[in-house]
Amino acid sequence: MNSPYNGFMKFTRLIGTKDILPGESYQWIALQNRLREASAHFGYREIITPMIEMTHLFIHSVGDVTDIVSKEMYHFRDKGDREITLKPEGTSSVVRAYLENHLTDWTKPVKLYYLDRYFRYEKPQKGRYREFHQYGAECFGSESPAVDTEMIQLAFHLLQCMGMKELVLQLNSIGCPACRPRYREILVSFLTAHELALCPECRNRTDKNPLRVLDCKKETCQKVLAEAPAIVEYLCSDCAVHFLTLQKYLQALSLPFQCNPRLVRGFDYYNRTVFEISSTSLGSQSALLGGGRYDYLVEMLGGPSTPAVGFAMGLERAMMIIQETNSILFHEPSTKIWIANFGGETLHESLTVADSLRRVDVNTEVDLEGKGIKKSLEIALKKEIPYLLIIGEDEIKSQQYTLKDLQLKSQQTMGLSDIIHTVKARYASL
Ligand code: HAM
């Protein structure tokens, strides 16, 4: 009996995964429902896509030189010899579903949100898991910076619905195929000139994916990158106007932001706007949500030219803040009545009475082993159930039951309708 698991534990959960137990699971569902309601405030509707997709989808959309695709995907070959991947992110699947189900014909803008699980083979740490949950929103069909603005407004609305404060919005524009190649050239020559001061990974990335170098968190690279040319200075006029208009809209809505010329995000599909919202209470994994515009992805995956923008929020990180700051109080429905009985006929009657109580929304549990009053009292007190209802043979005959109020330490004998009235009167105000 030395093991913390009493010797029963042969299997443990995989590293980077989490069991969500009763109590917390209620918080999860309540949070997700709150996010659903808040999404409807903006006209977003839920889309549910499969947990698995063809591996090629992510190679084409996220990009094969990104960390997610090159290092972090859970992929396997199925019995039909197909290359399958557990979704590492939601945007690619939503775009695939948008095309496959002809949502291209829907009135634009098409506004979709999702709540789902994702898988990335990352090094687990606080706020970073291998299986995690995201809320995400995607809007298809408009290039207007007003859509980027409303997307950021939605993000803040959700965070405020969760009672969150101390949020920082970082914003950048990474241009478009017209202006990015020139910036890329300038950046590559800057990085090449400072090659010796960069970490091996950044040196490697200089040719393959130079923009991602800007994102390196290593102190030595950060020093070099502080001097790097900023992409906003190389935007074409259309991208510059788009970015300035977005900033003007955000200011008009009093949504505070910081422009961060080094914010690039780890996906190849972005163009123009990229943004992240972080919370100072999260520590090193401070990004709570991130997103941006991806005007070319629908076309890249075989659809018509369709500008789009979206973001996703990590729910483990959101939940961490909610639990640490008590920013939402969750009231999980609990059992109100425990029915004590003595087995046989009295157990049978208990099941019938419980049925009547549940039909009028009084949460009721029955001693299914008919172990009598003492045992039931013990259980009810342990489970903090406020009422004990006693059903013996006399009670069956008279249809009058003893209701013990375990909090007020009083008891009354009454019929079923009075019991319902008494219990409901107490809990109506909660
Ligand atoms: P992302 O930045 O990779 O973006 O993820 C969004 C959020 O998911 C992060 O800010 C973080 O809170 C959470 N997250 C990411 N990885 C993990 C992890 N390993 N453990 C726990 N939480 C994590 C995307 O996924 C894009 N698809 C967002 C998007 C939607 N862009 C446009 N539309």
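Let's start in the loop between α12 (315–325) and β12 (337–341), where we find N326. This is a predicted model, by the way, so please hear everything I say today in that light. What caught my eye here is the backbone: N326 has a positive phi of about 55 degrees, although it is not a glycine. As for its surroundings, N326 is exposed, with a relative accessible area of 54%.

Why point that out? Most residues other than glycine have a negative phi, and most peptide bonds are trans. With that in mind, let me take you to the loop between α4 and β5, which is home to H102. H102 is another non-glycine residue with a positive phi, in this case near 60 degrees. And please stay in that region for a moment, since P109 lies in the loop between α4 (91–100) and β5 (110–119) as well. The peptide bond leading from K108 to P109 is cis, with omega near 0 degrees.

Now, on to the ligand. Which residues come nearest to it? There are 26 residues around the ligand, and E89, E122, Y129, E138 and Y270 are the nearest of them. If you sort the shell by character, you get 12 nonpolar residues, seven polar ones and seven charged ones.

Let me walk you through some contacts. At E89, an N or O atom of the side chain sits 2.6 Å from a nitrogen atom of the ligand. At Q134, an N or O atom of the side chain is 3.0 Å from a ligand oxygen. At F311 the backbone is involved: one of its polar backbone atoms is 3.3 Å from a nitrogen atom of the ligand. And how much of the ligand does the protein cover? Taken on its own, the ligand has 660 Å² of accessible area, and the protein covers 96% of that.

Where in the fold does this shell come from? Three strands, β6 (131–140), β10 (287–293) and β11 (308–314), each supply at least two residues. The most generous contributor is β10, which gives five residues to the shell.

While β6 is on the screen, have a look at H133, which lies in that strand. H133 counts as buried, at 11% relative accessibility. Its side chain makes a polar contact with the side chain of E316, at 2.8 Å.

Let's turn to charge pairs. The model has 29 salt bridges by the rule used here. I have picked three for you.

The first one on my list is D67 with R212, where the closest N and O atoms are 3.9 Å apart. D67 lies in helix α3 (residues 67–72) and R212 in helix α8 (residues 210–213), so this pair ties together parts that are 145 residues apart in sequence. Are these two buried or exposed? D67 has 18% relative accessibility and counts as buried, because the cut-off is under 20%. R212 counts as buried too, at 11%.

Next comes R77 with D81, whose closest N and O atoms are 3.1 Å apart. Here the setting is more open to the outside on one partner's side: D81 counts as exposed at 52% relative accessibility, and R77 is partly exposed at 48%.

My third pair is R128 and E122, whose side chains meet in a salt bridge at 3.7 Å, N to O. R128 is buried, with a relative accessible area of 19%, and E122 is buried as well, at 18%. You may remember E122 from a few minutes ago, as one of the residues that come nearest to the ligand.

Beyond single pairs, there is a network to show you. Salt bridges with shared partners join D67, K71, E201, R205, R212, D215 and K217 together. So you can see D67 and R212 again in there.

Last stop, the surface. M51, I52 and F76 make a nonpolar surface patch of about 240 Å². Of these, I52 has its place in strand β2 (residues 52–54), and at 42% relative accessibility I52 counts as partly exposed.

That's my tour, thanks for listening, and I'm happy to go back to any of these spots.

Technical notes. Residues numbered from 1 in each chain as written. Predicted model: local features only at pLDDT ≥ 70, side-chain atom pairs only at ≥ 80, totals over all residues. Heavy atoms only, no water. Salt bridge = Lys/Arg side-chain N within 4 Å of Asp/Glu carboxyl O. Helix = DSSP H or I, 4+ residues; strand = E, 2+ residues; numbered from the N terminus. Buried < 20%, exposed > 50% of the residue type's maximum accessible area, 1.4 Å probe, protein only. Near = heavy atom within 4 Å. Polar contact = N/O pair within 3.5 Å; in protein donor to acceptor, adjacent residues only side chain to side chain. Areas by Shrake-Rupley, 256 points an atom, 1.4 Å probe, with all protein chains shown as cover. Nonpolar A, V, L, I, M, F, W, Y, C, P; charged D, E, K, R; others polar. Patch = residues over 30% accessible without salt bridge, like charges linked within 9 Å, V, L, I, M, F, W, Y side chains within 5 Å.
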